[in-house]
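Hello,

Here is the structure we spoke about, with the sequence alongside. My notes on what turned up follow below.

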Amino acid sequence: MSTTIARDHALPEKAKQEKESSTSDLSTSDNLLGPGGPIAGEVTDFEERKSDLEKQKTAEGAAHFKRLGWKRLTIVLIVEAIALGALSLPAAFAALGMVAGVICCVGLGLIAIYTSDIVGKVKLKFPEVAHYADAGRLLAGKFGYEVVGAMFVLQLTFLVGSHCLTGTIAFGNLSENGACSVVFGVVSAIILLLLAVPPSFAEVAILGYIDFASILVAIGITIIGTGIVASKAPGGVSAVNWSAWPKQDLTFAEGFIAITNICFAYSFSMCQFSFMDEMHTPEDYLKSIWSLGLIEIFLYTITGALVYSFVGADVKSPSLLSAGHTLSKIAFGVALPVIFISGSINTTVIGRYIHGRIYKNSVVRFINTTKGWVTWLAVISAITLAAFIIAEVIPFFSDLLSISSSLFISGFTFYLPALMWFKLLKQGKWYSKENLPWAIMNAFCFLIGIVVLVCGTYASVDDIIRQFRDGTTRGVFSCAPIG
């Protein structure tokens, strides 16, 4: 009997070893889950390895996209914000006059800081908000998510298009229109695409230092160059035909295009949700927006006022064209980094939103797998192509900035943050003693946004129609020079 018991113990052990060997063989076969594969409910080594890989990629992705501190956030905001806006301001001053120009620059800048603070507070209260579209969902459910998401994508695509257009103008100026403008547009689009390939904003922050230095030097060259030219002209600087008041023949369209160009310069809250989503300490956002806001107010006011006072009513847009034949070439050469680095970060923001939406519940969203990289490149290529088409269809700098500002920045910078305060942040009745001052302030921001939306859009469309009718601009997809 003892022999029988010993044999019965030995046989199961041998059968167990054979079973393990068989299972091991099956785990490396190509037909793991089909007929002849392991029994239902059994987890194979392959599935375990796949699960571990996904967990690893998810952990790596989450760590990779949580590296922004407030200083880097400031640099990223500078990259996104201080670019084309500064180049359009002297022409805005020429339309509005020195007094109104300074008031609008300082006043709208302070309002932009305030509304960006609202955006930051919403992000802290609702950490799941990763893009402005998510805030739209909080305001108006699925409808708000779709509408604000569409606005978000369209505005940033328009913005990339305006950088593509500026690149075309820059290359044309540097080469003295040595090639077809469409060719320069294609080259600009390719550069914007290549710089948008890194998907993390922390990586873009490294280029931000080059970007910031580029715009400062380009603006400095323009200011110094125009100042020297003005001082050497008959009568000197005092003879320049600038005015403290709006120009005499100012039309409604010209006035509102000038105002919307200043609004465009303060559009940094639009991408703030996206940037804050990568912060390791989101509570530090306030340091970033105040740093950026004060830098912008100072830089924009000085640039607009000085270049206008040196050049006068004939100042061009972008303002680098007013620096004279040689200096404008130098200024555009120095400005190339800011034209393309600032433009590409907007492509990255749109790409992250669209890619993350497509692969919301998949490891592919982290863009650290083969499929992730292939789809990421496809998304940013489509965005760049759309931006190139916009640049060719609306080939005039100020109007392109104005129409995008009127349609979209009016919401992102003014009326949407005001609505967020009323619906998401306000506690108690709006007319209570502690809420009333803020309610009035936010109602004022909302009103500014609606006025810019309606009047700015009308002015932009009217001016575009007038320029095509009068033949003062080149045609669509034309080889003719721009600017």
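**Confidence and overall make-up**

Among the elements of the protein chain, helix H5 (residues 98–125) has the highest mean pLDDT, 96, and helix H1 (residues 2–27) the lowest, 42. This is a predicted model, and the mean pLDDT of the chain is 82, with 83% of its residues at 70 or more. Please read the N-terminal stretch with that in mind: over residues 1–50 pLDDT stays under 50, and the model has 16 contacts there beyond four places in sequence.

The protein chain has 15 helices and zero strands. It contains 483 residues, of which 52% count as buried. When contacts between residues at least 6 apart in sequence are taken, 85% of them join residues at least 24 apart.

**Helix H9 and its two partners**

Two of the helix pairs I looked at share H9 (residues 252–265). One partner is helix H15 (residues 436–470), which packs against helix H9 at an angle of about 120°, the axes being 8 Å apart. With oblique covering angles that are above 115 and not over 145 degrees, H9 and H15 are therefore oblique to each other. Their crossing is left-handed.

On the H9 side the contact is made by Phe252, Ala253, Phe256, Ile257, Thr260 and Cys263. On the H15 side the residues are Val451, Val452, Cys455, Gly456, Tyr458, Ala459, Ser460, Asp462 and Asp463. Sorted by class, this contact of H9 with H15 has ten nonpolar residues, three polar and two charged.

The other partner is H5, whose axis lies 10 Å from that of H9, at an angle of about 35°. The crossing of H5 and H9 is right-handed. Gly101, Cys104, Cys105 and Leu108 of H5 meet Ile259, Ile262 and Cys263 of H9. By class, the contact of H5 with H9 has six nonpolar residues, one polar and no charged ones. Cys263 of H9 is thus listed in the contact with H15 and again in the contact with H5.

**H3 against H12**

A further pair is helix H3 (residues 70–81) with helix H12 (residues 325–358), packed at an angle of about 100° with axes 7 Å apart. That angle makes H3 roughly perpendicular to H12. From H3 the contact takes Val76, Val79 and Glu80, and from H12 it takes Ile341, Ser342, Ile345 and Asn346. By class, the contact of H3 with H12 has four nonpolar, two polar and one charged residues.

**A buried serine in H14**

Ser410 sits in helix H14 (residues 397–425). Its relative accessibility is 0%, so Ser410 counts as buried. Which residues does Ser410 contact, leaving aside its neighbours within four places in sequence? They are Ser405, Tyr415, Gly449, Val452 and Leu453. Of these, Val452 also appears among the H15 residues that meet H9.

**The loop between H6 and H7, and the segment after H15**

The loop between helix H6 (132–174) and helix H7 (181–195) holds Ala179, and both Glu176 and Asn177 are found in that loop as well. Most residues other than glycine have a negative phi. Glu176, however, has a positive phi of about 55° although it is not a glycine. Phi of Asn177 is also positive, near 55°, and Asn177 is likewise a residue other than glycine. You may want to look at this pair when you open the model.

As for exposure in this loop, Asn177 has a relative accessible area of 40% and is therefore partly exposed. Ala179 is partly exposed too, at 31%.

The loop also figures in a pairing across the sequence. The C-alpha atoms of Ala179 and Cys479 are separated by 7.9 Å, while the two residues are 300 residues apart along the chain. For Ala480 and Cys180, which are likewise 300 residues apart along the chain, the C-alpha separation is 6.8 Å. Ala480 belongs to the segment after H15. With a relative accessible area of 29%, Ala480 is partly exposed.

Regards

How values were computed:
Residues are numbered from 1 along each chain as its sequence is written. This is a predicted model: local features need pLDDT of at least 70, side-chain atom pairs count only at pLDDT 80 or more; totals for chains, interfaces and linings use all residues. Side-chain values use heavy atoms; hydrogens and water are left out. pLDDT is the predictor's confidence in each residue, from 0 to 100. Helices (H or I, at least four residues) and strands (E, at least two) are DSSP runs, numbered from the N terminus. Contact means heavy atoms within 4.5 Å. Buried means under 20% relative accessible area, exposed over 50%, partly exposed in between (1.4 Å probe, protein chains only). Axes are lines fitted to C-alpha atoms, for helices over the stretch in contact, and angles run from 0 to 180 degrees between N-to-C directions. Angles under 35 degrees count as roughly parallel, over 145 as roughly antiparallel, 65 to 115 as roughly perpendicular and the rest as oblique. A crossing is left-handed if the near helix is turned anticlockwise from the far one by less than a right angle, and right-handed if clockwise. Ala, Val, Leu, Ile, Met, Phe, Trp, Tyr, Cys and Pro count as nonpolar, Asp, Glu, Lys and Arg as charged, and the others, Gly among them, as polar.
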